[in-house]
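I opened this entry to keep track of what I looked up. The order is confidence, then fold, then individual residues.

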Amino acid sequence: MHKVRVVRSYYDQSEPYVGRVGEVIGHWGADNNESGRDGFMVQFEDGTVVGFSENEVEDVGDEAEGAAPASAEDSVPGIG
């Protein structure tokens, strides 16, 4: 699936994860949620899975995976 960063906490269970990046492993919506919210099940590197409302997270690009060097020369010794 895709990765998200927890950017804010609206619920107590979210607070310890603000600033962390995890992988979305599931989704819920109004059809299967009593309060009608949309959200994601996010798994973190340590295996912990936490549910977040969609307004608590934002999509993450390549920087979360470990961004590539600015140029190929930067990664090869003796060049550049």
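**Confidence**

I started with the scores of this predicted model. The mean pLDDT of the chain is 79, and 68% of the residues score at least 70. I then went through the elements: E1 has the highest mean pLDDT, 97, and helix H1 (residues 63-66) the lowest, 48. Over residues 64-80 the pLDDT stays under 50. For that stretch I found seven contacts beyond four places in sequence in the model.

**Whole chain**

I looked up the secondary structure next and found one helix and five strands. Along the sequence they follow the pattern β-β-β-β-β-α. Of the 80 residues in the chain, 26% are buried. The exposed area is about 5400 Å², with 45% of it supplied by carbon and sulfur atoms. I also checked contact range: among contacts between residues at least 6 apart in sequence, 38% join residues at least 24 apart.

**Sheet**

In what order do the five strands lie in the sheet? I read E4-E3-E2-E1-E5, an open sheet with antiparallel pairing. E4 and strand E5 (57-59) are the edge strands, each pairing on one side only. From one strand to the next the twist averages 45°.

I went through some of the pairings one by one.

- E1 and E5 run antiparallel and are joined by three bridges; Val6 stands opposite Val57 in E5.
- E2 and E3 are antiparallel over five bridges; Gly26 has Met41 in E3 as its bridge partner.
- E3 and E4 are antiparallel and joined by five bridges; Gln43 stands opposite Val49 in E4.

E3 and E4 also form a hairpin, with five residues between them. I noted the backbone at Gly47 in that turn, where phi is positive at about 95°.

**Core**

Which residues make up the largest nonpolar core? I listed ten: Val4, Val6, Tyr17, Val24, Phe40, Val42, Phe44, Val50, Phe52 and Val57. At least two residues of this core come from each of strand E1 (3-6), strand E3 (39-43) and strand E4 (49-53). For background I wrote down that nonpolar side chains tend to be buried together in soluble globular proteins.

I picked Val24 from the core list and placed it in strand E2 (residues 21-28). Val24 has a relative accessible area of 2%, so I logged it as buried, the cut-off being under 20%. I then took one C-alpha separation: Val24 and Lys3 are 21 residues apart along the chain, and 5.9 Å lies between their C-alpha atoms.

Phe40, another core member, was next. Leaving out neighbours within four places in sequence, I found Phe40 in contact with Val24, Gly26, His27, Trp28, Val50, Gly51, Phe52, Glu54 and Val57. Val24, Val50, Phe52 and Val57 in that contact list are also on the core list.

**A loop residue**

Is Ser14 buried or exposed? I located Ser14 in the loop between E1 and E2. Its relative accessible area is 0%, so I entered Ser14 as buried. Not counting residues up to four places away in sequence, Ser14 touches Val6, Ser9, Gly51, Phe52 and Glu56. Val6 and Phe52 among these partners belong to the nonpolar core. Gly51 and Phe52 also appear in the contact list of Phe40.

Key
Residues are numbered from 1 along each chain as its sequence is written. Side-chain values use heavy atoms; hydrogens and water are left out. Helices (H or I, at least four residues) and strands (E, at least two) are DSSP runs, numbered from the N terminus. Buried means under 20% relative accessible area, exposed over 50%, partly exposed in between (1.4 Å probe, protein chains only). A nonpolar core is a set of buried Ala, Val, Leu, Ile, Met, Phe, Trp, Tyr and Cys residues joined through side-chain atoms within 4.5 Å. Contact means heavy atoms within 4.5 Å. Accessible areas come from the Shrake-Rupley method with a 1.4 Å probe; for residues, only the protein chains shown count as cover. pLDDT is the predictor's confidence in each residue, from 0 to 100. Two strands pair if DSSP finds at least two bridges between them. Axes are lines fitted to C-alpha atoms, for helices over the stretch in contact, and angles run from 0 to 180 degrees between N-to-C directions.
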